[in-house]
Every structure is written in structure tokens, then in C-alpha cells.
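Pull up the model and give it a slow spin before reading on. We'll take it piece by piece.

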Amino acid sequence: MQHSNRRVNLKATGLRGAYRGRAVRRQMSEQGGECEPPGGPPITVTIGATVPTGFEHTASEEVKEKIGVEAKISKDRGRIYFSITSDNLFQVHRLRSVDNLFVVIEEYDHYQFKESKEETLEELKQLASKLPWTNALEVWKSNRSFKKKKSHRRGTNKPKVKTESDGQETSEVEENEELPEPEDQSSADAETSPPDLEETAEAKVIKFRVTCSRAGDKHSFSSNEAARDFGGAVQEHFQWKADMTKFDIEVLLNIHNEEVVIGIALTEESLHRRNISHFGPTTLRSTLCYGMLRLCKPQPSDIILDPMCGTGAIPLEGAIEFNNAFYIAGDNNDMAVNRTVNNVFHFQKQRVDKGSASGLPIDTVRWNLCNLPMKTSSVDIIITDMPFGKRMGSRKKNWDLYPSCLREMARVVRPGSGKAVLLTQDKKCFTKAVSRMGGLWKKMHTVWVNIGGLHAGVYLLKRTAGEFGQTPEDIYVPKGNGADHREEKDNSETS
Ligand SMILES: C[S@@+](CC[C@H](N)C(=O)[O-])C[C@H]1O[C@@H](n2cnc3c(N)ncnc32)[C@H](O)[C@@H]1O
């Protein structure tokens, strides 16, 4: 087997080598819950994190800020890698931009897959016993006190291979379907206490599963076959028991063209679900909300609006993470407003239950974005996820909605310093609307993201110094019955 450019060198600290089942169990048991080998220093490992595609740089900035190490970005792949010492593991769970975390066992930049399927699968089987498992298993063991348990699992035992829109496959050694949670369901994100190690390690056989995700068209095997054969060899090597639903360890086999990364999952459920208990049809991942918030750099005492808040995912993440600013969440749909109120209440209650009484700097309102009950030039930042016209609204309506939104946003935001961070998949309509508002908005930066397979843009706009009401795009005449009702003089932007 030829593997070139091995990128990760997991430094063993006196524990290097593959352990067969009983030896590993004895070693774990002897070391109790500690991450350090007896008498030894903390071990150094590489942590991998999946992040919303497009926000890799944001995530690596956060790692630098919170853990103080440089992260390597796997470009356009929604992954970052960084080294930590095991005593810093708790810091990793404080990151807000990461969806899933894993500890790397081994990584190959250019894995030379054999031509035939049989040879390749045979090689994967042999790999299982050659991998340097020790440090990763140590980290997995101490991670159990930080890990949040999945809210609930429902599954079938039917084999399943998920094929993503970009041709990526994912499968597990004995596939189990993870069904999406129904809308408006309360999640029980309760922290779990670490299972008793003696009990897990000695009395019970360790249960595991292998999850393989594969992308690339030059492979002679499927992810299902790789997971099955590699999983079988892992089982044999450690004498663990395969269990797709109630596993202790999830071994990850990530294959992207000729890059192969093998790791152990440190999260059971994506961290993006952390704040929301009442989901809606288009709830945004908290990790993506965090990336959008970082893009607009909230400052203390900023007034920040999400005028189309849906379930309130963006302002809630803001009120938790950038809590020196004040957030107003609004929507024109009663169900959305109720969900936001419930999400804020639920999160707040969890905090109180844990002994923290401080309130969140957030308010919720029912309003129409095209006619906001806000003073002109009173807002610092607008951050919102606009209807794409697919799952929410319609493309046709966007031709009216987007220009009206941009105009009203320009009115309430402070000229010269105000910003907007807007997410949409309807790029054509959005770009046209912005280009016709050149007197009010300047496009600064775009981050391309993937939202459930849809290619979307996060646009950072800066409010020009232009006075509202003075540019050709925003001249209105008041309707006879009140200043709050406006009518367009020039409706050339609408289709
Ligand atoms: C894509 S969803 C937002 C999802 C939200 N980010 C979340 O995480 O749940 C867009 C929202 O815009 C709202 N909306 C559409 N037109 C609006 C308008 N004119 N004024 C206020 N809200 C509007 C819809 O009711 C919907 O909740």
C-alpha cells in the first residue's frame, strides 16, 4: 500500500500502537476518566470540524480567537483541522461556528486506491489494524463528559445510502435512517453525565458504527461497501460490537477523491441545533447564523434587526453570543412570531434552570418589513434570511419584495455606518435590486454557502451616506391617510 504526503502525525506519548480489544479496555479502565496517560503530559491530537460551507475562514478565525491555534482550511469543503492538547478539549466544545467535531486518527492527502474494487476493499480491511488508534481513543474517552446527547433517535434497519446533490454519498456499516425531527418539537438537549467507564469498558462490550462519506467519481467502490468492509475489520480488530443506533463510538471514514481522513466523532448531534426548540419550515442552522453575525461585527449597544426572523434563529444566536447589542426579531407571520417567542422563552428557561438569571437582549414583534414601525436612521445592522422563493414565498413575489425590503431597510439604517447582512438564494433578483439601489447600498462582500443543497449568497451591504428620500430609488409620496403609508412614485424596480 502506498500512501504519500501523510499530513497528520499523531504524536503518541508512550501509548503508541494498536491495541486489541481487551488491552484497550484494560488501558481505558486503568486510566479512569483522565485524558492523560498515567504520569504523562496531555496528548496532542488533530481535531476536525465540519462547518457551514463558505464559512471556513470564519470558523478558523474563531478557533484562533478561542483556542489560540491556527486552523487548516479544507477549501470549499466545509471542513477545518487544528491541533490541540487534550487538556484543551473543553474549549473545542465552546466553538459556535462548528457543526460536528471529530478527532483524527489518520489522514492521507493522496491515498492511492487500487484499480479493482476487491483489492481496494481488502486494503481498507487491512488498514483497520494498522491505524494509530490510541490517542484518538483517549480523546474520545475524555470527550464523553462534554458531549451532548442526541435528542432522540428513530431508525430503521434498512440499508441506506444518502446521495447529496454534489454527488457525495454517505453510508453506515449497517445503515440506519436518521429521520428529521418534526417541526415545532421540543428538543431535550440536556447535558449527559459521563457513563461509568468501568461499566462501559469492562462489563459491557463497546458498541460502534462506521460512517463512510465519499465524494468523487473515480472510486471503484461505494461508501456502503467501504463502511461495511472497514467496519468488519474494526470489529474484528477490537472485538467491538456493531450497533447502528446505540453506539458508543462512531468511526468516520471520509473519502474525498484521493483524500482519506479517518476519525472518531466527538459530537453525537450537530451543534447547529443548539438554541432552537421550536423549528419552522426554514430554520437556519445556528452555526450559519453565527457566521452571518460575525460578518457584520456587532458592537456594544448596536441595535440589530432581523425583520424576517422566522423562528428567530439569527437574533437568538446574536443575543446569546454578541450580547452587548440589542436585537429586534420581527416577522409578518403569526406562526413565525410565536415560534420566536417560544424559542426565546425556552432558551431563557433552560438558563434559569441552570442557575443563570440574566435575560436575553431581544424583543419580538409582528410587523411587515416593507413598513417598519421604526424611526428613520435608528438601526445599526439588519441581518436576515430572505424568502428564497422555493420553500418560502415565490420567485415572482421576490421581484416586488426585494426592492421594497432594501428600500425600507435603507430608511431605518444609519446612513454612512449602517450595514446589512442578507442571505438569499434568489441571486438574480437580489443582485438586480441592489444594483438599482446604488445610491443607498454598496455591496461589500459575498460569502457563497450551501443551504440544504441550494447555492445561496450571504451579502454584506454597507449603507451609503446618501440621505434617504433624496435618491431616485426611494422617493415616495405619502398616502393621504397617514405618514406611515407610502406609495412608490417610481415603481420601475418591480416586475
Ligand atoms: C426564510 S424565512 C426566515 C427563516 C429564519 N431565518 C429561521 O431561521 O427560521 C423568511 C421569513 O420571512 C417572512 N416574511 C416574508 N415576507 C415578509 C414581510 N414582508 N415582512 C416580514 N416578514 C416577512 C416569512 O414569514 C418567513 O418567516
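What follows is a walk through the chain as a whole, then a sheet, a helix, a well-covered strand and the ligand's surroundings.

First, keep in mind that you're looking at a predicted model. The protein chain has twelve helices and 20 strands, and of its 495 residues, 43% count as buried. How do the contacts spread along the sequence? Among contacts between residues at least 6 apart in sequence, 76% join residues at least 24 apart.

Now find the open sheet made of seven strands, which runs in the order β14-β13-β12-β15-β16-β18-β17 with mixed pairing. At its edges sit β14 (362-366) and β17 (441-451), each pairing on one side only. Going from one strand to the next, the twist averages 15°.

Let's zoom in on β13. All six residues of β13 are buried, so the strand is mostly covered. In a regular strand, side chains alternate between the two faces of the sheet. You can follow that pattern here: F326, I328 and G330 point one way from β13, while Y327, A329 and D331 point the other way, and all of these are buried. Strand β12 (residues 303-306) runs parallel to β13, and four bridges join the two. To spot the pairing by eye, look for L305, which stands opposite I328 in β13.

Elsewhere in the sheet, strand β16 (residues 419-424) and strand β18 (residues 454-463) run antiparallel, joined by six bridges. A handy landmark for this pair is V421, which stands opposite L460 in β18. As for what lies on the sheet, helix α10 (residues 334-353) packs there, touching β13 (326-331) and β14. The direction of α10 makes about 165° with that of β14.

Another helix worth a look is α12 (residues 427-435). Which of its residues are buried? C429, F430, A433 and V434 are. These four cover an arc of only 125° around the axis, which puts them on the same side of α12. Turn to the other side of α12 and you'll find K428 and S435, both exposed. And what do the buried residues of α12 pack against? Their partners are α11 (395-412), β16, β17 and β18. So that ties the helix back to the sheet we just toured, since β16, β17 and β18 are on its list of partners.

Next, head toward the start of the chain for strand β2 (residues 44-50). Six of its seven residues are buried, so β2 is largely enclosed by the rest of the structure. Strand β4 (residues 79-85) pairs with β2 in the antiparallel sense, over seven bridges, and here V45 stands opposite I84 in β4. Strand β5 (residues 100-111) also runs antiparallel to β2, joined to it by four bridges. For that pairing, look for A49, which stands opposite L101 in β5.

Last stop: the ligand. Which residues come nearest to it? Of the 22 residues around the ligand, M308, G310, T311, A313 and L369 do. By chemical character, the shell divides into eleven nonpolar residues, nine polar and two charged.

Note on methods:
Residues are numbered from 1 along each chain as its sequence is written. This is a predicted model: local features need pLDDT of at least 70, side-chain atom pairs count only at pLDDT 80 or more; totals for chains, interfaces and linings use all residues. Two strands pair if DSSP finds at least two bridges between them. Axes are lines fitted to C-alpha atoms, for helices over the stretch in contact, and angles run from 0 to 180 degrees between N-to-C directions. Two residues are in contact if their C-beta atoms, placed from the backbone, lie within 7 Å. A residue is near a molecule or strand if its C-beta atom, placed from the backbone, lies within 6 Å of it. Ala, Val, Leu, Ile, Met, Phe, Trp, Tyr, Cys and Pro count as nonpolar, Asp, Glu, Lys and Arg as charged, and the others, Gly among them, as polar. A residue is buried if 20 or more other C-beta atoms lie within 10 Å of its own, exposed if 12 or fewer, and partly exposed in between; C-beta atoms are placed from the backbone. The arc is that of the directions from the helix axis to the C-beta atoms.
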